[in-house]
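Here's a quick walk through this chain, from its overall layout down to a couple of local details. Have the sequence and the model open as you read.

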Amino acid sequence: NEACFIITDIQEHVSRKPNIRIQYYNQNWEFFDENYTSVMARIILHEYDHLEGVLFVDRVSNIRKVLLKRKLQDISKGDIDVAYKMIFPMQKKGRR
């Protein structure tokens with residue numbers, strides 16, 4: 001199961017590749033070619049999705065999305081309790 005600080009109180013099964021390879025240059029233009037497996041691969045793919053504007057709930061099955069619709073709408077409206085600052089896209093002005 002996968003979860004996220006952005007979407008509280010929801011954990012869902014998300015299929016991810018168990019092994020990934022990343023090639024990149026660091027700030028000093030040094031080349032790296034690394035392989036990751038298991039939980040670390042899942043974390044990297046989850047965080048990369050954020051860079052692409054994708055949330056883990058975008059990757060759950062359509063049936064699960066229907067079942068989660070109410071919870072996701074409540075989160076969008078700000079009808080949840082969180083211990084950290086969040087911006088709720090559907091929240092009316094004046095409520096934070």
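## Overall layout

This is a predicted model, and its chain holds two helices and two strands. Going along the sequence, you'll meet them in the order β-β-α-α.

As for packing, 25% of the chain's 96 residues are buried. If you take the contacts between residues at least 6 apart in sequence, 45% of them join residues at least 24 apart. The chain exposes about 7700 Å², with carbon and sulfur atoms supplying 54% of that area.

## The hairpin

Strands E1 (residues 19-25) and E2 (residues 31-37) pair up antiparallel, with seven bridges between them. To get your bearings on the ladder, look for Arg 21, which sits opposite Asn 35 in E2.

Five residues lie between the two strands of this hairpin, and Trp 29 has a positive phi there, near 60°.

## Helix H2

How far apart are the end C-alpha atoms of helix H2 (residues 62-77)? They are 22 Å apart, and that agrees with expectation because 16 residues at 1.5 Å a residue should span 22 Å. Still, have a look at Leu 68, where H2 bends by about 55°.

Leu 68 is also one of the buried residues of H2, and the others are Asp 74 and Ile 75. Just past the helix comes Gly 78, which has a positive phi near 85°.

Terms used
Residues numbered from 1 in each chain as written. Predicted model: local features only at pLDDT ≥ 70, side-chain atom pairs only at ≥ 80, totals over all residues. Heavy atoms only, no water. Helix = DSSP H or I, 4+ residues; strand = E, 2+ residues; numbered from the N terminus. Expected span 1.5 Å × (residues − 1). Bend = angle between axes of the 7 residues up to and from the residue. Buried < 20%, exposed > 50% of the residue type's maximum accessible area, 1.4 Å probe, protein only. Contact = heavy atoms within 4.5 Å. Areas by Shrake-Rupley, 256 points an atom, 1.4 Å probe, with all protein chains shown as cover. Pairing = 2+ DSSP bridges.
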